[in-house]
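Work through the exercises below with the model open. Try each task before reading its solution.

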Amino acid sequence: MPTRDEMAKNRFLKPIAHRFLSPELWRFTRRSVPRGVALGLFAAFIVPLGQIFLAAFMALPARANVPLAALVTFVTNPFTLPFWLLFANQTGKFVLNIDAAVGGGAGQLAEDSGALARWLELGGVTAFGFLVLAIVTAAVGYILSGFIWRFVVARKRARRLRHMEARLDERLEKGAE
């Protein structure tokens, strides 16, 4: 992953570097983290190639965390792609409910219409499945990362308060002696 300074020196990013390298896009905040996760997941499933660039450029107007948006896109990679293709196909079939609409099974329709139609049907169902996955995972990722962020921050705050309370107790005990 390129650093912020390396991106600033990139000649292709010069025209938008002032916006792209804004410090608020690189901080981990309560609002930017869920946005970055959601945009990263959306870009991971919606575009087969160039997901990192899409997520980074979508993070600009959304004021999302750019590194996190780019990192989350790795949920789809060459090793997990066969699983996601199968899952997207099954999701597309489920959502479109092809078997019920055709009246007995899409397999019969595909056998009658030839190899090209089977590939088009399979591709269309899978593409629709990827669209559904992009929308659903982005929403779930946004909500889940928001809850995780709040949990982590609350845990850190409680630990810090316990530590401060222990130090205060020590001071009070020394003062009472």
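**Exercise 1. Does Val136 count as buried, partly exposed or exposed, and at what relative accessibility?**

Solution. First, the ground rules. This is a predicted model, in which local features need pLDDT of at least 70, side-chain atom pairs count only at pLDDT 80 or more, and totals for chains, interfaces and linings use all residues. Residues are numbered from 1 along each chain as its sequence is written, and side-chain values use heavy atoms, with hydrogens and water left out.

Step 1. Take the cut-offs: buried is under 20% relative accessible area, exposed is over 50%, and partly exposed is in between (1.4 Å probe, protein chains only).
Step 2. Val136 has 44% relative accessibility, so Val136 counts as partly exposed.
Step 3. Place Val136 in the fold: it sits in helix α9, residues 115-176. Helices here are DSSP runs of H or I with at least four residues; strands are E runs of at least two; numbering starts at the N terminus.
Step 4. Val136 joins Val140, Leu144, Ile148, Phe151 and Val152 in a nonpolar surface patch of about 540 Å². Patch residues have over 30% relative accessible area and no salt bridge; nonpolar side chains are joined within 5 Å, like charges within 9 Å. A salt bridge is a Lys or Arg side-chain nitrogen within 4 Å of an Asp or Glu carboxyl oxygen.

**Exercise 2. How many aromatic pairs are there, and what is the geometry of Phe45 and Trp84?**

Solution.
Step 1. Rings of Phe, Tyr and Trp (its six-membered ring) pair if their centres lie within 6.5 Å; planes under 30 degrees apart are stacked, over 60 edge-to-face, the rest tilted.
Step 2. The count is five aromatic pairs.
Step 3. For Phe45 and Trp84, the ring centres are 4.8 Å apart and the planes stand at 80 degrees, so the pair is edge-to-face.
Step 4. Phe45 belongs to helix α3 (residues 32-46) and Trp84 to helix α6 (residues 81-96), so the pair ties together parts 39 residues apart in sequence.
Step 5. Both Phe45 and Trp84 are buried. They form one aromatic cluster with Phe83, Phe87 and Phe130.

**Exercise 3. Where does Phe28 lie, and is Phe28 buried or exposed?**

Solution.
Step 1. Phe28 is in the loop between α2 (17-20) and α3.
Step 2. Its relative accessibility is 52%, so Phe28 counts as exposed.
Step 3. The C-alpha atoms of Phe28 and Leu68 are 8.7 Å apart, with their positions 40 residues apart along the chain.

**Exercise 4. How many helices and strands does the chain have?**

Solution. There are nine helices and zero strands. Of the 177 residues, 31% count as buried.

Conventions:
Areas by Shrake-Rupley, 256 points an atom, 1.4 Å probe, with all protein chains shown as cover.
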